[in-house]
Amino acid sequence: MEVVLNFRVEITKPTSRDTNRYLPPAQKLYDWLIAPISAELEARNIDILLFSMSEGLRTLPIAALHDGKQFLIEKYSLSLIPNFSLIDTRYRNHELQNTQVLAMGASQFIEKNSLPAVPVELETISEQLWRGRGSQFINEDFTKNNLLTQRQDYPYSIIHLATHAEFRPGKASKSYIQLWGSEQIKLDEMRELGWNEPTVELLVLSACRTAVGDKNAELGFAGLAIGSGVKSVLGSIWYVSDQGTLGLMTEFYAHLNNVKVKAEALRQAQLAMLRGEVVITEGNLIISRGNRVVVLPETLRNLRNQKFSHPYYWAGFTMIGSPW
């Protein structure tokens with residue numbers, strides 16, 4: 001646990017984001033967790049790893065484990081599972097490319113920092129990357145009633161929520177996803193959303209610490225969503241960067257159009273960030289798929305040129321539940 005804590009600190013600490021101080025604990029954890037079975041994994045041609053972690057390890061950024069030459073994400077698609085009995089282990093080739101996405105979020109808040117990248121994130125995903133097969137609602141339209149109404153009116157297979165969220169240990173009513181104004185979805189309200197009728201294939205929680213949990217609710221909102229019938233959830237295990245999240249999400253949806261395994265779409269997005277193929281330059285976000293350019297809003301156009309290759313920007317998001 002001491003090494004895990006050191007690993008997380010060195011990845012997330014602002015003063016370490018231009019360093020590789022995370023490598024010693026990343027390699028030590030790889031040697032303990034992966035190296036003993038690496039030969040068998042290669043012999044069996046394994047390409048997806050599912051981890052069921054005990055308390056304390058659930059916020060371990062597995063993607064950034066390192067064998068001395070490369071990160072674990074460079075070899076495998078990855079997924080965390082709250083409990084093996086809670087996921088559907090059967091592979092079905094669902095063509096997500098032909099589905100609709102419901103994208104909702106907020107960029108302005110009463111008592112929280114604004115998220116200026118959210119409007120462009122929602123528009124880029126629903127209108128450009130998903131080729132017009134999406135509906136977007138932002139700020140005053142981001143209410144629980146509208147979320148319920150939209151899903152009742154159309155069986156969206158993908159739901160994307162971009163906002164602030166907070167997991168707090170203890171009573172489930174303390175943890176929330178922030179909606180418009182003072183409205184929130186509490187952790188104990190997730191089961192009321194009806195996302196198992198019909199099943200939501202993919203829930204994307206583009207927010208902070210949505211996969212953090214305690215012994216009462218493994219993996220936070222993401223874990224409870226799985227228990228409520230959602231097949232796969234993309235969530236985060238630390239306070240993520242607004243513009244880094246924009247880069248990862250746009251890259252993720254670009255790959256989701258071209259793969260049959262959701263965890264592989266996340267892997268390709270993380271690799272693109274690691275390789276410096278997702279950058280902000282001259283007020284634009286450049287993503288790797290087709291050299292697509294996303295014009296940033298005025299509030300973000302003064303950002304200095306920025307790369308997202310450090311694990312802080314990409315290792316905090318993880319697929320939870322079924323990887324496919």
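Is K171 buried or exposed? Let's work that out, and a few other things, in the exercises below. What you have here is a predicted model, where local features need pLDDT of at least 70, side-chain atom pairs count only at pLDDT 80 or more, and totals for chains, interfaces and linings use all residues. Residues are numbered from 1 along each chain as its sequence is written, and side-chain values use heavy atoms, with hydrogens and water left out.

**Exercise 1. Place K171 and say which patch it belongs to.**

Step one: find K171 in the loop between strand 6 (165–166) and strand 7 (176–178). Helices (H or I, at least four residues) and strands (E, at least two) are DSSP runs, numbered from the N terminus.

Step two: check its cover. K171 has a relative accessible area of 61%, so K171 is exposed. Here buried means under 20% relative accessible area, exposed over 50%, and partly exposed in between (1.4 Å probe, protein chains only). The areas come from the Shrake-Rupley method.

Step three: look for company. K171 joins K112, R168 and K174 in a positive surface patch. Patch members have over 30% relative accessible area and no salt bridge; like charges are joined within 9 Å, and nonpolar side chains (Val, Leu, Ile, Met, Phe, Trp, Tyr) within 5 Å. Lys and Arg count as positive and Asp and Glu as negative, while His and the chain ends are not counted. Each charge is placed at NZ of Lys, CZ of Arg, CG of Asp or CD of Glu.

**Exercise 2. Work out the order and edges of the sheet that holds strand 14.**

Step one: read the order. Four strands make an open sheet, 13-12-11-14, with antiparallel pairing. Two strands pair if DSSP finds at least two bridges between them.

Step two: pick out the edges. Strand 13 (293–295) and strand 14 (306–307) each have a single partner strand, so one side of each has no neighbour in the sheet.

Step three: zoom in on a pair. Strand 11 (residues 279–281) and strand 14 run antiparallel and are joined by two bridges; V279 has K307 as its bridge partner in strand 14.

**Exercise 3. Do the strand-by-strand reading for the sheet with strand 7.**

Step one: the order is 6-7-8, an open sheet of three strands with antiparallel pairing. Strand 6 and strand 8 are the edge strands, each pairing on one side only.

Step two: strand 6 meets strand 7 over two bridges, in the antiparallel sense. E166 has Y176 as its bridge partner in strand 7.

**Exercise 4. Contrast the backbones of N45 and N139 with their cover.**

Step one: recall the background. Most residues other than glycine have a negative phi, and most peptide bonds are trans.

Step two: take N45. Its phi is near 55°, a positive value in a residue other than glycine. N45 sits in the loop between helix 3 (35–43) and strand 1 (48–51), and its relative accessibility of 65% makes N45 exposed.

Step three: take N139. Its phi is also positive, about 55°, although N139 is not a glycine. N139 is in the loop between strand 4 (134–138) and helix 5 (144–153), but at 8% relative accessibility N139 counts as buried.

Step four: add the odd peptide bond. E197 and P198 are joined by a cis peptide bond, with omega about -10°. P198 belongs to the loop between strand 8 (184–186) and strand 9 (202–206).

**Exercise 5. Trace the salt bridges of K144 and K262.**

Step one: set the rule. A salt bridge is a side-chain nitrogen of Lys or Arg within 4 Å of a carboxyl oxygen of Asp or Glu. By this rule the count is seven.

Step two: follow K144. Its side chain meets that of E189 in a salt bridge (3.9 Å, N to O). This pair links distant parts of the chain: K144 is in helix 5 and E189 in the loop between strand 8 and strand 9, 45 residues apart. K144 is buried, at 15% relative accessible area. K144, E189 and E192 are linked in a network of salt bridges.

Step three: follow K262. Its salt bridge with E201 is 3.3 Å, N to O. K262 is in helix 8 (residues 262–274) and E201 in the loop between strand 8 and strand 9, 61 residues apart. K262 is buried at 3% relative accessibility, and E201 is buried at 10%.

Notes: Accessible areas come from the Shrake-Rupley method with a 1.4 Å probe; for residues, only the protein chains shown count as cover.
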